[in-house]
Structures are given as C-alpha cells and as structure tokens.
Amino acid sequence: QRAIRRAMGVLLGITTVQGLGEAVDILTVSPEWHQLCREIAARMVTNTLTWEDKTWRAAARKGSRGREIYQGIQEILQTPVGEAYRQAVERNARLISSLPEDIRAHVNEMISERVIKGYRPEDIAGLVEEFLPEEVKTRSMLIARTESAKAHTELTRARAQAVRMNWYMWHSTHDSRTRPSHRKMDGVICSWDDPPSPEALNNEKSYGRYPPGGIWNCRCYPEPINPDMIAAQLGSGPFKVYRDGQIRT
C-alpha cells in the first residue's frame, strides 16, 4: 500500500482539475512510471510468494533470509509456479499503472454529478484538493489487499496442481468483516477446476465463480488437500464438499 501511495505522490499536490489532467497525461506515456509500476507489482507478488512458504520463513528466522529467499524464488520460478508468478506481476502492473486514469475518470464523474445537481463552479473548484488524497489511499489499499490475496491463491493453486493436489479446503476469517457468503464457505472442500459462486450459494447477487481471495477485500485462503493423507490432514469427517453448484455433506 505504501509503495503505491508513494508512487502516486506526484498527484497529491495537485489542486485543480486541469492540473490533474495534465499530470495523468504525463504519467500514462512515461516509461519511468510504467517501470515503477512493474517493480511495485513484482515486490507485491514476491512478498506473497515469500510469505506463504514455510521453508523460507524458517530460513528467515535463522538469519539467512536474503540468500535463502533469492535461491528459493529462483528455483520455484522454474516450475509451473513461475508462470503464475509472471501473470500475477503483469496483471498487478497494469492495475497500478491505470490508477491515475481511473482517478481522473472518477473525478470527472463527480464533477458531472455536481454540475447536474446545480453546484456553483466555486464549490466544485476545490473538489480535487479535497478528494484526491483519500481516493489515492483507498484505491491503493484496495489493489494491495485484493491483488495480494489473488496472487497468493494463484501461486498456491499452481503449486498444488503441479503435484496433483486438485482439491482444497476454503478457509474464511472469523470476524465481523467476513462476508456472510464466505462464512458459509468456511470448511467447504472445493476443486480448483470447479470454483463456487459463494454469493449464489447464499441466495445473494452473484459476482461470478472464484476461489478464496478471488474478489475485492477477500481475506479467505485455500488449504490444498493431499489425497494420500486426507485422514491425517482433515480427520474422519463428515465433510462439506462443493460440486456442480451445490454444497453437500
């Protein structure tokens, strides 16, 4: 989040719509901006890759973190996880680089709404100065949270399927911010090839089918299931299993 907000710092001193438009035009054609976005995206996904690997966490505690992480990443990028890693970096880089244009579009939309409602020009003039810092913060946070979760799930999936672990258990967080539909999915066994629509299963408006971490601000995560160690890993059951649009016990 902080890296994205620092990168967007060039916009935060702007106080006029014209100034915002000029800054966005410059950024969108700047090779330096797009390179910076890719570097931030790579750090996001690399941090995710590092965070979710117990071996590297153990290595970090032994004080050899930098070398172990570098060696581990180089090794794993030669596996099917490497392609998932590269795709996540490219997707995140595009999202970050599009932030200025998205913000300009949102500002223009807000101005249009106020013009229609009869606001005076002098009341609209301070809109950018008032709105921009919070918009940068909010959008940076949304990208950082959502895309880190997506990257974690994609890397987990790539690793699991590489060793034929085609099923996972959906784990949701247990607090007041957890979506009711995701609370319903907690402990449900799913196939990577048949993702559920949690909202549809909970009789809500569907946002499509996706795995844990696959929608904005989702903090759920998948636990890959080893088919040779189901009893040791999960106990004796019964289990809730999602398949073909239904959860069965």
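## The largest pocket

On a 1 Å grid over the protein atoms alone, a pocket is an open set of points where a 1.4 Å probe fits, with protein on both sides within 12 Å along at least five of seven lines. In this predicted model, the largest pocket has a volume (the space filled by probe spheres set on the points, joined across faces, edges and corners) of about 690 Å³.

Its lining (residues with an atom within 4 Å of a point) holds 24 residues, with Thr48, Ala144, Arg145, Ser148 and Ala149 nearest the centre. By class, there are 10 nonpolar, 9 polar and 5 charged residues (Asp, Glu, Lys and Arg count as charged; Ala, Val, Leu, Ile, Met, Phe, Trp, Tyr, Cys and Pro as nonpolar; the others, Gly among them, as polar).

Which helix gives the most to this lining? That is H4, with 6 residues; H1 (2-7), H4 (31-51) and H10 each supply at least two. Helices here are DSSP runs of H or I with at least four residues, numbered from the N terminus.

## Helix H10

H10 covers residues 127-162 and reaches 51 Å from first to last C-alpha, close to the 52 Å expected for its 36 residues (1.5 Å times one less than the number of residues). Arg164, which follows H10, has a positive phi near 65 degrees.

## H3 against H8

H3 (residues 17-28) and H8 (residues 99-116) pack at about 155 degrees, with axes 9 Å apart (lines fitted to C-alpha atoms over the stretch in contact; angles run from 0 to 180 degrees between N-to-C directions). The two helices are therefore roughly antiparallel (over 145 degrees).

## Notes on the model

Residues are numbered from 1 along each chain as its sequence is written. Local features need pLDDT of at least 70 and side-chain atom pairs 80 or more, while totals for chains, interfaces and linings use all residues; side-chain values use heavy atoms, without hydrogens and water.

Note on methods
Angles under 35 degrees count as roughly parallel, over 145 as roughly antiparallel, 65 to 115 as roughly perpendicular and the rest as oblique.
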